[in-house]
Amino acid sequence: MDTEALNRCKMERSILEHLDAAVLLFDRGLNLRYINLAGEMMFSVSARHIIGQNACDLIKCGGTLQDVFTRTMKFGHPFTEREIPLPLPDGREITVDCTVTPIRTPEGIEQILVKLQQMDRRLRINREEHLLSQLQAAQAMVRGLAHEIKNPLGGLRGAAQLLERELPDPSLGEYTRIIIDEADRLQALVNRMLGPVRLPDKQEVNIHQVLERVRSLVQAEVGERVIIDRDYDPSIPPLLADSDQLIQALLNIARNGARAVAQDGGRLHLRTRVLRQFTIGSQRYPLVAQVEITDNGPGIPPELQERIFYPMVTGSKGGMGLGLSIAQSLVNQYQGLIEFRSKPGKTVFTVLLPVGNQHGERQNSLGDR
Ligand SMILES: Nc1ncnc2c1ncn2[C@@H]1O[C@H](COP(=O)(O)OP(=O)(O)OP(=O)(O)O)[C@@H](O)[C@H]1O
Ligand SMILES: [Mg+2]
């Protein structure tokens with residue numbers, strides 16, 4: 001092969017490897033000949049383990065798709081089917097758009113090319129973008145309001161203190177005490193709403209050290225009744241972040257979980273993984289750290305689920321409804337996102353944090369994964 005052909009070949013391979021859709025090539029017997037990186041990630045398996053596998057064993061979408069493969073091979077009609085459920089080897093099921101294209105040679109159709117584009121992720125990205133913009137608007141409003149409350153509150157408290165000193169009858173002090181105590185309570189609320197006043201102190205942070213700190217804090221609060229186990233992926237590179245902020249965000253989530261299961265048999269599970277070429281909102285990042293905090297509690301009440309990240313939304317007695325809203329805005333500062341899924345017996349909060357984005361390594365989203 002001459003150099004030009006070799007370079008072209010390398011370029012084509014590189015394009016295939018950077019595509020966000022899974023691309024699979026099957027031969028006449030419908031045995032797999034090639035799978036790109038996105039395909040390996042979709043099926044959670046390396047190419048050398050599945051090359052040679054039959055399309056029917058790999059893409060288990062019932063009879064329809066297999067018929068399509070056979071017909072495309074036989075008659076050469078290209079084919080597209082939208083939003084079909086695809087069961088994966090790890091037990092998950094995703095929704096994909098599937099395009100099947102015959103590859104013709106002078107001898108006839110020798111191969112078919114199958115492109116699988118994950119769609120549920122794309123739908124989620126749209127939802128995420130919507131959620132982020134709504135949250136930012138809600139947070140801006142709450143912060144503006146908190147600011148406006150903060151100043152008169154200081155004056156109110158000061159005036160009550162002066163009044164307390166001048167009271168002719170000490171028994172009236174009960175009333176000024178109420179004013180001062182309530183002003184203090186409001187001040188604490190407003191401070192929490194406004195968040196930290198200092199600038200983040202960004203350093204290289206090992207996410208597992210952050211999680212271990214969260215684990216020991218929560219364990220100390222709930223004692224032995226709740227078992228907290230973990231499954232960490234040691235390959236996650238350090239993040240450039242303020243570790244106190246990350247501790248705060250993860251602690252707010254873990255505390256809710258611990259509170260939901262604070263009884264015998266309660267379990268919290270901390271899990272980390274690294275995701276490659278992953279899209280958050282509309283940005284694609286080469287590397288994203290994923291932290292999952294799972295509990296086996298009763299689940300988030302359905303009527304709260306849509307609003308759970310908004311400030312002042314609470315389902316618990318004595319809760320301020322600020323924990324998740326603060327956690328979300330802290331994580332957003334690092335271009336990250338918190339998502340959740342919840343049903344009775346299993347609530348999973350997923351924190352996604354881009355790694356390396358802090359140096360401006362963002363990529364424009366070419367698609368989703
Ligand atoms: N793991 C969970 N299981 C069940 N419900 C949850 C879980 N996490 C959050 N929730 C629900 O979401 C609500 C909002 O949580 P959030 O942390 O924002 O506020 P809060 O815990 O009520 O108050 P705060 O954190 O400000 O003290 C909770 O009151 C609870 O009803
Ligand atoms: Mg909370």
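**Exercise 1.** Work out whether R271 is buried, partly exposed or exposed, and find its acidic partner.

*Solution.* Start with accessibility: R271 has a relative accessible area of 25%, so R271 counts as partly exposed (buried means under 20%, exposed over 50%, partly exposed in between, with a 1.4 Å probe and protein chains only). Next, look for a salt bridge (a side-chain nitrogen of Lys or Arg within 4 Å of a carboxyl oxygen of Asp or Glu). R271 meets D231 in one, at 3.9 Å from N to O. Finally, place both residues: R271 lies in strand β9 (residues 266-280) and D231 in strand β7 (residues 226-231), so the pair ties together parts 40 residues apart in sequence (strands are DSSP runs of E, at least two residues, and helices runs of H or I, at least four, numbered from the N terminus).

A word on the model: it is predicted, with local features needing pLDDT of at least 70 and side-chain atom pairs 80 or more, while totals for chains, interfaces and linings use all residues. Residues are numbered from 1 along each chain as its sequence is written, chains are lettered from A and ligands numbered from 1 in written order, and side-chain values use heavy atoms, leaving out hydrogens and water.

**Exercise 2.** Follow D231 to R273 and then to the network they belong to.

*Solution.* D231 and R273 form a salt bridge at 2.9 Å, N to O. D231 is in strand β7 and R273 in strand β9, so this pair links parts 42 residues apart in sequence. Through shared partners, salt bridges join D231, R271, R273 and E292 into one network.

**Exercise 3.** Describe the contact between E212 and R215.

*Solution.* Their closest N and O atoms are 3.2 Å apart, in a salt bridge. Both sit in helix α8 (residues 207-222), 3 residues apart, so about one helical turn separates them.
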